[in-house]
Amino acid sequence: MTLVGVAVGVALAIVAVFIPWLPDAASEQADIIDTVYWVVTIICVVVFAVVAGVSAYAVYKFRAPPGDTDDGSPIHGHTGLEIVWTLIPTILVTGIAVYSGVALAQAEDLPPDHRVVQVNSEQFKWSFTYPDIEVEGGRPLTTGELVVPVDQTVRFEITSKDVIHSFWVPEWRMKQDAVQGITTETTVKPTELGTFPVVCTELCGLGHALMRSQAVVLTPADFEAWVREQQRLAREGGAVQGRDLFVAQCGSCHILEDAGTQGQVGPNLDEALQGADADFIMESIVDPSAEIAEGYQDAMPGNFGEIFTEQQLEGLVQYLQEATGGGG
Ligand code: CUA
């Protein structure tokens with residue numbers, strides 16, 4: 001009977017392993033995490049099959065005959081059996097704990113040549129600061145989209161301005177909460193080029209479902225080119241860059257037809273900024289509490305004047321004015 005349970009368990013585990021349940025693995029950590037996941041899953045499937053098999057067999061074999069209303073015969077446990085069913089789970093659970101701990105330490109291993117990226121979260125957007133990349137005005141580069149070179153370990157330092165969010169790129173597997181007042185950390189070494197979603201996985205309010213960004217993994221040469229382009233844009237600004245900024249930084253809260261954004265936390269900008277002049281748009285961005293659109297709360301972050309360079313702000317205003325038909 002136990003053998004049948006084991007056979008069924010092994011068969012189920014094999015089926016489970018060959019269905020692609022998980023997203024693509026695009027980091028060194030993903031392979032470590034996935035191995036832990038499958039080892040634990042296989043153990044669980046086998047244990048479940050044995051327990052369920054024995055239970056089903058016992059229910060069938062020892063059921064009371066029709067009309068039998070007597071109490072069951074009194075029995076006094078079975079010391080040998082009890083030792084076995086205590087020992088096996090103890091060994092399994094302890095083994096899994098030790099193995100997971102070792103895997104986590106391995107995943108968080110930080111080589112000396114790693115890069116640091118600060119992950120800033122707030123209702124309802126992500127931004128990323130590169131402390132060792134300088135742009136116009138001597139401030140560190142901050143973007144709404146995460147861009148990293150392939151095959152270099154990145155240490156993410158994660159903070160929140162308000163409630164708890166959670167930073168997660170599914171293809172990288174590593175996930176970490178963003179908590180106000182402390183800096184949490186996680187480590188990822190991307191191994192695949194491409195664009196992956198950055199997702200908030202902690203219910204954080206009205207805009208939670210739209211609190212997304214992108215992680216772009218480039219070759220080292222493309223990454224260097226991207227850095228130079230960001231430095232140029234921070235220096236020169238312009239409406240084209242304004243649109244990119246808008247999509248990345250504002251789109252999760254505002255509808256703007258031209259940018260194709262769908263956020264509903266803040267006012268629809270096609271209406272709120274229709275025909276607005278540059279001064280009003282600039283004020284709305286850097287000092288959003290000054291004038292609150294009817295029916296909305298004073299919820300917009302007040303720090304865009306610090307996050308964006310002057311050129312970025314001007315580019316954003318120029319873009320918004322063009323997109324909403326304002327003449328100035
Ligand atoms: Cu931020 Cu959910």
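This report describes the overall form of the chain and then its salt bridges. The structure is a predicted model.

**Overall form**

The chain is built from 9 helices and 12 strands. Its radius of gyration is 28 Å, whereas a compact globule of 328 residues would have a value near 20 Å. The C-alpha trace spans about 90 × 50 × 35 Å along its principal axes. Of the 328 residues, 38% count as buried. Among contacts with a separation of 6 or more, 66% are made by residues 24 or more positions apart. The accessible surface amounts to about 18,200 Å², and carbon and sulfur atoms contribute 59% of this area.

**Charges and salt bridges**

The chain carries 15 positive and 44 negative charges, and the mean positions of the two sets are 7 Å apart. Side chains of opposite charge can pair when their charged atoms come close. In this chain the count comes to 8 salt bridges. The table gives three of these pairs, with the distance between the closest N and O atoms.

| Acidic residue | Basic residue | Closest N and O atoms |
|---|---|---|
| Glu108 | Arg155 | 2.8 Å |
| Glu122 | Lys161 | 3.6 Å |
| Asp258 | Arg243 | 3.5 Å |

Glu108 forms a salt bridge with Arg155. The pair links distant parts of the chain, 47 residues apart: Glu108 sits in the loop between helix H3 (79-107) and strand E1 (115-122), while Arg155 belongs to strand E5 (residues 154-160). Glu108 is partly exposed, with a relative accessible area of 25%. Arg155 has a relative accessible area of 13%, which is under 20%, and therefore counts as buried. Together with Glu185, these two residues, Glu108 and Arg155, are linked in a network of salt bridges.

The salt bridge of Glu122 is made with Lys161. Because Glu122 lies in strand E1 and Lys161 in the loop between E5 and strand E6 (165-168), this pair ties together parts that are 39 residues apart in sequence. Glu122 counts as buried at 5% relative accessibility, whereas Lys161, at 44%, counts as partly exposed.

Asp258 and Arg243 form a further salt bridge. Asp258 is located in the loop between strand E11 (255-256) and strand E12 (261-262), and Arg243 in helix H5 (residues 239-249), so the pair ties together parts that are 15 residues apart in sequence. Asp258 is partly exposed, its relative accessible area being 41%. Arg243 also counts as partly exposed, at 32% relative accessibility.

Notes:
Residues numbered from 1 in each chain as written. Predicted model: local features only at pLDDT ≥ 70, side-chain atom pairs only at ≥ 80, totals over all residues. Heavy atoms only, no water. Helix = DSSP H or I, 4+ residues; strand = E, 2+ residues; numbered from the N terminus. Rg over C-alpha atoms; globule rule 2.2 N^0.38 Å. Buried < 20%, exposed > 50% of the residue type's maximum accessible area, 1.4 Å probe, protein only. Contact = heavy atoms within 4.5 Å. Areas by Shrake-Rupley, 256 points an atom, 1.4 Å probe, with all protein chains shown as cover. Lys, Arg positive; Asp, Glu negative; His and termini not counted. Charge placed at Lys NZ, Arg CZ, Asp CG, Glu CD. Salt bridge = Lys/Arg side-chain N within 4 Å of Asp/Glu carboxyl O.
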